[in-house]
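This briefing sets out selected features of one protein structure for computational work. The points are grouped by topic.

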Amino acid sequence: MRSETAVPVLLYHSVRDDPPPWIAPFTVGPAEFGRHLDRVLASGRVPVDLDRFTEALHGGRDLPRHSVLITFDDGYADFARYALPQLVERDLPATLYVTTDALWPTRRPPLPPAAMLTWDGLRRIADTPGLTIGAHGCTHRELDTLPIELMHREITDSRERLETELERPVTSFAYPFGYNNAAVREAVRHAGFRTAMAVRDAHSSREDDPWRISRLLVRADTGATRLDAWLAGAGARVAPFRDGLPTLGWRIWRRTRARRRGHPDPWAGRRDPVAGRIR
Ligand SMILES: [Zn+2]
């Protein structure tokens, strides 16, 4: 069913032709990415930047009818090489959420091997018109399973690092894996962010919760048909909606597992670190 209020917030990860296997299911080739952007433009939706959406979510200025947002998570090097130039060419705003310890140089890369942006590279692109930079934690941990102090540190330290390196306020956060709960959302609000992105595989809307904005995860196999459906305001639920029982059950299971394991390296033994089951 098609919704008039749906705001698709697209979530991309890597944009390249030869990704490492672990990120391949969430990677789109540069040429296909260009075709996606052309479909966004052809859909008649109005691309808006995060500031505009933030204002609307907090009850300020109205949002254009049929808005759309484009976001990226993690901070892969291919963002600067393949994604950003194609966005700029089409005058499309976007937000990039960066896992701070993953950027080079780093002492302990928190993500499995992949070419990541460097801090110099991030500084070089940070002033691109239409580009917003947000925080995505320091080490990409499941925040809702961490001891409270560690959870707070992931949120505040990633923000401080970005603000120091880029010399600008950073006002939006994206939960690693999309995982969040009331305590995590409260910590993000308390840290001074104005919005936070979840995943949920759903459309956002003007009435969405600013602290768990729903996004649509673009996968390698998403394809034109599904993308067009999303752009038509169909193909997914429209937030806000309550968590279903499977999501709640999954959260409890992960918390129990984390407590048993004593919060080891979050990537240990994970076959598919980005996917898991993102909510
Ligand atoms: Zn991520």
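**Strand β1 and its partners**

Leu11 stands opposite Thr71 in β5. The model discussed here is predicted. The points below begin with the strands around Leu11, continue to the zinc ion and the nonpolar cores, and end with a helix and two single positions.

- Strand β5 spans residues 67-74, runs parallel to β1 and is joined to β1 by four bridges.
- A parallel arrangement also holds for β1 and strand β10 (residues 213-217), which are joined by two bridges.
- In β10, the residue opposite Leu11 is Leu217.
- Both faces of β1 are covered, with Val9 and Leu11 buried on one side and Leu10 and Tyr12 buried on the other.
- In a regular strand, side chains alternate between the two faces of the sheet.

**Strand β6**

- β5 is also joined to β6 by four bridges, and these two strands run parallel.
- Strand β6 covers residues 94-98, and five of its five residues are buried, so the strand is largely enclosed by the rest of the structure.
- On one side of β6 the buried residues are Ala94, Leu96 and Val98, while Thr95 and Tyr97 are buried on the other, so that both faces are covered.
- Val98 in β6 is the bridge partner of Asp74.

**Zinc ion**

- Asp74 is also a donor to the zinc ion, through OD.
- The other protein donors are His136 and His140, each through NE2, and the donors lie 2.1 Å from the ion.
- The spacing of the donor residues in sequence is D-x61-H-x3-H.
- Are the two histidines buried or exposed? Both His136 and His140 are buried.

**Nonpolar cores**

- The largest nonpolar core contains 49 residues.
- Phe72, Leu96, Leu122 and Ile155 have the most contacts inside this core.
- Beyond its neighbours within four places in sequence, Ile155 is in contact with Leu143, Phe173, Val184, Ala187, Val188, Ala191 and Phe193.
- Another core, of 13 residues, lies apart from the largest one, and its members include Leu50, Ala56, Ala174 and Ile213.

**Helix α2**

- Helix α2 comprises residues 50-57, and Leu50, Phe53, Thr54, Ala56 and Leu57 are buried in it.
- Seen down the axis of α2, these buried residues fall within an arc of 165°, so they line one face of the helix.
- Two of these buried residues, Leu50 and Ala56, are among the members of the 13-residue core.
- Gly59, just after α2, takes a positive phi of about 85°.

**Position Ser3**

- Ser3 is located in the segment before β1 (9-12).
- The relative accessible area of Ser3 is 14%, which is under 20%, so Ser3 counts as buried.
- The side chain of Ser3 reaches the backbone nitrogen of Thr5 at 3.0 Å.
- Ser3 also touches Ala232, Gly233 and Val238, when residues up to four places away in sequence are not counted.

**Position Gly244**

- Gly244 belongs to the loop between α7 (223-231) and α8 (245-261).
- With a relative accessible area of 28%, which lies between 20% and 50%, Gly244 counts as partly exposed.
- Gly244 and Arg168 are separated by 76 residues in sequence and by 38 Å in space, C-alpha to C-alpha.

Note on methods. Residues are numbered from 1 along each chain as its sequence is written. This is a predicted model: local features need pLDDT of at least 70, side-chain atom pairs count only at pLDDT 80 or more; totals for chains, interfaces and linings use all residues. Side-chain values use heavy atoms; hydrogens and water are left out. Donors are N, O and S atoms within 2.8 Å of the metal (3.2 Å for Na, K and Ca); water is not among the atoms, so sites may look incomplete. Buried means under 20% relative accessible area, exposed over 50%, partly exposed in between (1.4 Å probe, protein chains only). A nonpolar core is a set of buried Ala, Val, Leu, Ile, Met, Phe, Trp, Tyr and Cys residues joined through side-chain atoms within 4.5 Å. Contact means heavy atoms within 4.5 Å. The arc is that of the directions from the helix axis to the C-beta atoms. A polar contact is a pair of N or O atoms within 3.5 Å; within protein, one must be able to donate a hydrogen and the other to accept it, and residues adjacent in sequence count only if both atoms are side-chain atoms. Two strands pair if DSSP finds at least two bridges between them.
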